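Please open the model in your viewer and follow the selections below in order, from the whole chain down to single rings.

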Amino acid sequence: MSEDVEREAMEYDVVIVGAGPSGLGAAIRLKQLSPDLTVAVIEKGSEVGAHILSGAVIDPKGLTELIPNWKELGAPLETPVTKDTFQVLGPQGDLDLPMWAMPGFMNNHGNYIASLGNVCRWLAGQAEGLGVEIYPGMAASDLVFREDGSVKGVVAGVFGIDKDGNRGPDYQSGVELHAKYVFIGEGVRGSLAKVLKARFDLGKGKDPEKYGIGIKELWQIPGECFVPGLVAHTTGWPLDNKTGGGSFMYHFGDNYVALGYVVHLNYKNPWLSPFDEFQRWKHHPEVAKYLEGGKRIAYGARAISEGGLQSVPKLYFPGGVLLGDSAGLVNVPRIKGSHNAIKSGMLAAEAAYAAIQAGRSGDELAEYEQALSSSWVYKELKVVRNAKPMLSKFGTMLGGAVGMFDMWCTSLLGGFSFFGTLHHGKSDSESTGLAKDFKPIVYPKPDGVLSFDKLSSVFLSNTNHDENQPAHLRLKDPTVPIANNLPRYGEPARLYCPAGVYEVLYDDNGQNPRFQINFQNCVHCKTCDIKDPSQNIVWTTPQGGDGPNYPNM
């Protein structure tokens with residue numbers, strides 16, 4: 001929008017973008033420190049939890065520090081882990097790896113299987129009970145800056161721009177939410193975080209950010225197949241040794257099974273489809289035996305931050321900070337980040353509270369980064385810092401074995417590694433190989449019982465976008481998909497997107513290809529923004545309330 005738009009302004013002590021674990025953790029901690037602080041949380045989903053997708057096996061460490069009596073208050077961490085397995089799959093067989101051979105922190109006993117979306121809904125209730133103002137359905141579409149260049153706030157709640165970019169009859173200019181400090185907790189590859197990282201050069205001296213795509217389904221299965229508290233992970237088939245990734249399967253609640261597949265986005269073969277690898281994986285006998293007679297009830301996907309300590313950017317900028325997944329605080333080998341996210345929110349809240357008490361505003365909260373560097377979050381990420389680079393360098397089998405040895409050493413030697421600190425090389429987009437150097441992959445057709453197509457899957461995500469708005473998936477150059485990506489890479493957007501957003505269409509003679517964007521299908525996973533080899537696709541936020549509406553995910 002143009003700068004001459006007049007908007008109402010609302011003033012707060014702290015404005016938080018994103019009602020995920022980090023943002024809600026920060027909001028609750030601020031109110032615990034001072035009930036008089038004014039705190040607002042804005043969330044682009046139609047409700048809190050609508051855009052939250054995770055496995056999820058939750059380490060309660062962060063939650064316990066935030067709300068020690070969470071059990072008594074009814075937090076929905078309903079199923080304790082009872083059994084932990086890890087398997088290497090072949091096309092038909094499998095090899096069980098003993099959990100005792102792994103470092104102790106890889107053990108999931110003491111953790112809980114739950115819907116992270118429902119946990120966030122519960123956290124939102126706790127926050128509102130303390131006086132936090134939460135505004136769902138309000139997408140933060142732009143930043144507001146002070147004259148000195150510091151972040152003053154965000155623009156939220158812009159509605160009614162039609163598909164041609166004009167103001168429609170229902171146009172609303174939105175509001176500016178101003179604050180002494182702005183916390184960015186948008187999750188992975190957030191649009192505002194991306195702007196801030198570029199504007200303030202927050203990635204200077206850091207490794208490239210690395211990501212995976214996680215695709216998840218929620219099933220309800222017969223009682224005879226249900227193992228309450230089972231946590232099962234696999235690696236290997238159907239991916240080859242050079243392509244990183246693996247699966248998860250968690251049994252919890254009312255005969256629910258959360259299952260999914262993660263593919264590291266530094267894969268080289270442009271013909272690979274993470275969605276179809278996931279569908280193929282479900283046909284392995286060790287997986288299919290649990291799903292027999294079951295029903296798929298939900299679907300979704302999201303990117304996962306995988307860069308670890310080496311890719312964590314500078315966490316503060318003039319006027320605000322980055323939290324949780326916006327800061328890349330996921331522990332990749334553990335496949336966990338919500339506990340780190342909550343802790344990051346708490347530490348940011350404590351830094352902001354002290355600054356506001358001292359009469360400060362709009363400056364740099366360097367003490368937040370210092371506190372995080374002295375916390376168990378940093379120590380946890382330091383221990384596992386080489387796991388991802390080793391997989392990238394040596395492949396799944398050798399890299400996994402050497403990485404396990406390194407994690408044993410770092411956990412026993414206070415973070416010391418005989419390998420030092422390994423680094424990430426190329427970005428995920430730069431890792432994409434040329435189509436001519438790889439054989440196209442022919443995936444089996446879905447059977448409609450265990451495996452499904454993209455469109456029927458997207459239906460289960462409950463995603464919805466008003467069609468009369470500008471596409472939130474924008475091309476820097478509209479000619480690139482057909483002129484460059486198609487001949488060089490086979491236009492991989494049609495394959496790496498798990499929602500059928502991108503298509504290459506031809507005329508009746510099989511000629512004259514054109515690139516089509518079905519933005520209504522988007523589940524907000526951000527993979528296109530990350531993996532596009534030309535870095536030509538820019539993910540921006542659509543109007544508030546649009547996107548998936550995940551139940552129990």
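Select the whole protein chain and colour by accessibility: buried residues, meaning those under 20% relative accessible area with a 1.4 Å probe and protein chains only, make up 60% of its 553 residues. This is a predicted model, in which local features need pLDDT of at least 70 and side-chain atom pairs count only at pLDDT 80 or more, while totals for chains, interfaces and linings use all residues. Residues are numbered from 1 along each chain as its sequence is written, and side-chain values use heavy atoms, with hydrogens and water left out.

Turn next to the aromatic rings, where the structure holds ten aromatic pairs; rings of Phe, Tyr and Trp (its six-membered ring) pair if their centres lie within 6.5 Å, and planes under 30 degrees apart count as stacked, over 60 as edge-to-face and the rest as tilted. Select F252 and Y256, whose ring centres are 5.7 Å apart with planes at 40 degrees, so this pair is tilted; both F252 and Y256 are buried.

Then select F275 and Y299, whose centres lie 6.0 Å apart with planes at 75 degrees, so the pair is edge-to-face. Both F275 and Y299 are buried. Y261, F278 and W281 can be selected together, as they form one aromatic cluster.

Finally, look for charges over rings, which requires NZ of Lys or CZ of Arg within 6 Å of the ring centre and within 35 degrees of the ring normal. R199 lies over the face of F145, 3.7 Å from the ring centre, and the charged end of K526 sits over the ring of W539, at 4.5 Å from its centre.

Methods: Buried < 20%, exposed > 50% of the residue type's maximum accessible area, 1.4 Å probe, protein only.
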